[in-house]
Amino acid sequence: MLFRSMATLLRGLCLILLLILTGSRPRAGGRRESPHSSPYWSQGAVPLLKRAIDLRRAGDYAHSELVYRQGLDEARRLGDSLAAVKFLISIGGCQLFDFRYREAMATFLEARALALSIGDREDAGAIAVNLANVYQQVWDFPAANRAAEDGLANAPPDSYFMPQLLILLGRLRANTDPAAARQYFSRALEIAPLANSPAVEPQAWDLLGETDLNGGRLDDAEREFGEALRLRITRHARDTGYSYSLLGALALARRDLPTAEHYTEMAIRAAHKGEPSWPLHRLWHQRGEIRQAQGRLDTALADFSAALDRVGQWRTQIVPARSSLTGANIGLEEKIFRSFIQLAANLAMRKKDPSLAARAWEALETKDRKSTRLNSSH
């Protein structure tokens, strides 16, 4: 099954915990942990923030980042460090939306250092959540755990990011303790309305559904995925691509291949339009599995090949931490590489096609070279 491990979903769900402060405002009672207020952020920067948010919602993350940088420059000119922290968080969010992991991590680290230097513990906790999210997306789970624990240590119980932190903690425990993960996801659903975090609710339903999908409880997963999609449609959210991806995975698990293909194609269309969704290499791989199960081996191989090419580009953005590369090797090469190599080799034998055999051999050699370099770095 494509989703036997929750770890395989981390990159596909890379945005669900992202805290961009213009979209995740603190509670009305004010910021207890901040040593001073930020009149520029709450007043002077409002038109600029609106423009940045509109650009982000339209999927124009590069120009949204430029607008946030204008605000950062002004905050620095005014000596408003609290506003600078918030702009850095928003800049890092745009970079993460755009899958620029190295830049996002550097920005979040800069934001955290500044927040701690002015005693802004609550924003430091939110930044830790974002850092943990980045680490998860490159499969550096030890670093993700450390960052999440740091966020929890800095988090007042009613912090505005508590629902996201609970989801993060659930994801980190999904492989080792699914029952505990379910408790975290359920708790996030309970407090999301109180924390004014409506976007968290469909995400939590998705994760509950994934837990049940991995556990073979397909009817429960269908109910939970359906609730997530209902909330997204009701709220006119742009991230229905996530729901279509998961419904495609559920149908694939049930061997309902026409339905699986239908939902996966809808997710691919959403991704092509720039809407939040799983990345294309994951979606192409899922469609390849569906087509392979349908006996459409040539088109399945084309999907696996496209996924392989795309993931090679994505790997260049992986942070150069040894544990990151180890996890990425497991998460990518053991799935996308293996799918392509096995199918290309089988078709080469069936068709007696030496070019297919050469492509399978080339992919295998590439995989082995990456593994060798990885092991030699330990």
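Of the 378 residues in the protein chain, 57% are buried, in a model that is predicted. The secondary structure of the chain consists of 17 helices and zero strands, and among the contacts with a sequence separation of 6 or more, 65% join residues that stand 24 or more positions apart.

The buried nonpolar side chains can be followed next. In soluble globular proteins, nonpolar side chains tend to be buried together. In this chain the largest nonpolar core comprises 65 residues, and Y68, F87, F108, I127 and L165 are those with the most contacts inside it. The helix that gives the most to this core is α4, spanning residues 81-97, which supplies 10 residues. A second core, separate from the largest one, has 37 residues, including I268, L283, L297 and A300.

Helix α4 also leads to the packing of helices against one another, since it packs with α6 at an angle of about 15°, the two axes lying 11 Å apart. Angles under 35 degrees count as roughly parallel, and α4 and α6 are therefore roughly parallel to each other. The crossing in which α4 passes α6 is left-handed. On the α4 side the contact is made by L82, V85, K86, I89 and L96, and on the α6 side by D123, I127, N130, N133, V134 and Q137; I127, in this contact, is also one of the residues with the most contacts inside the largest core. Sorted by class, the residues of the α4 and α6 contact are six nonpolar, three polar and two charged.

Helix α6, residues 121-137, has a further partner in α7, residues 141-153, and here the axes come within 8 Å and cross at roughly 165°. With angles over 145 degrees counted as roughly antiparallel, α6 and α7 are therefore roughly antiparallel to each other, and α6 passes α7 in a crossing that is left-handed. From α6, the residues R121, G125, A128, L131, A132, Y135 and Q136 meet A143, A144, A147, A148, D150, G151 and A153 from α7. This contact of α6 with α7 contains nine nonpolar, three polar and two charged residues.

Beyond α7, the chain enters the loop between α7 and α8 (162-173), where A155 is found. Is this alanine, A155, buried or exposed? A155 has a relative accessibility of 15% and therefore counts as buried, the cut-off for that label being under 20%. Leaving aside residues up to four places away in sequence, A155 touches F161, M162 and L165. The last of these, L165, is 10 residues from A155 in sequence, with a C-alpha to C-alpha separation of 9.2 Å, and L165 is itself among the residues with the most contacts inside the largest nonpolar core.

Two other loop residues are of interest for their backbone angles. Most residues other than glycine have a negative phi. H236, however, which is not a glycine, has a positive phi near 55°, and R255, likewise not a glycine, has a positive phi of about 65°. H236 belongs to the loop between α11 (218-234) and α12 (240-253), while R255 belongs to the loop between α12 and α13 (257-272). Which relative accessibility does H236 have, and how does H236 count on that basis? The value for H236 is 70%, so H236 counts as exposed. R255 is exposed as well, with a relative accessible area of 53%, the threshold for exposed being over 50%.

Conventions
Residues numbered from 1 in each chain as written. Predicted model: local features only at pLDDT ≥ 70, side-chain atom pairs only at ≥ 80, totals over all residues. Heavy atoms only, no water. Core = buried A, V, L, I, M, F, W, Y, C linked by side-chain atoms within 4.5 Å. Buried < 20%, exposed > 50% of the residue type's maximum accessible area, 1.4 Å probe, protein only. Helix = DSSP H or I, 4+ residues; strand = E, 2+ residues; numbered from the N terminus. Axes fitted to C-alpha atoms, helices over the stretch in contact; angles between N-to-C directions. Parallel < 35°, antiparallel > 145°, perpendicular 65-115°, else oblique. Left-handed = near helix turned anticlockwise from the far one by under 90°. Contact = heavy atoms within 4.5 Å. Nonpolar A, V, L, I, M, F, W, Y, C, P; charged D, E, K, R; others polar.
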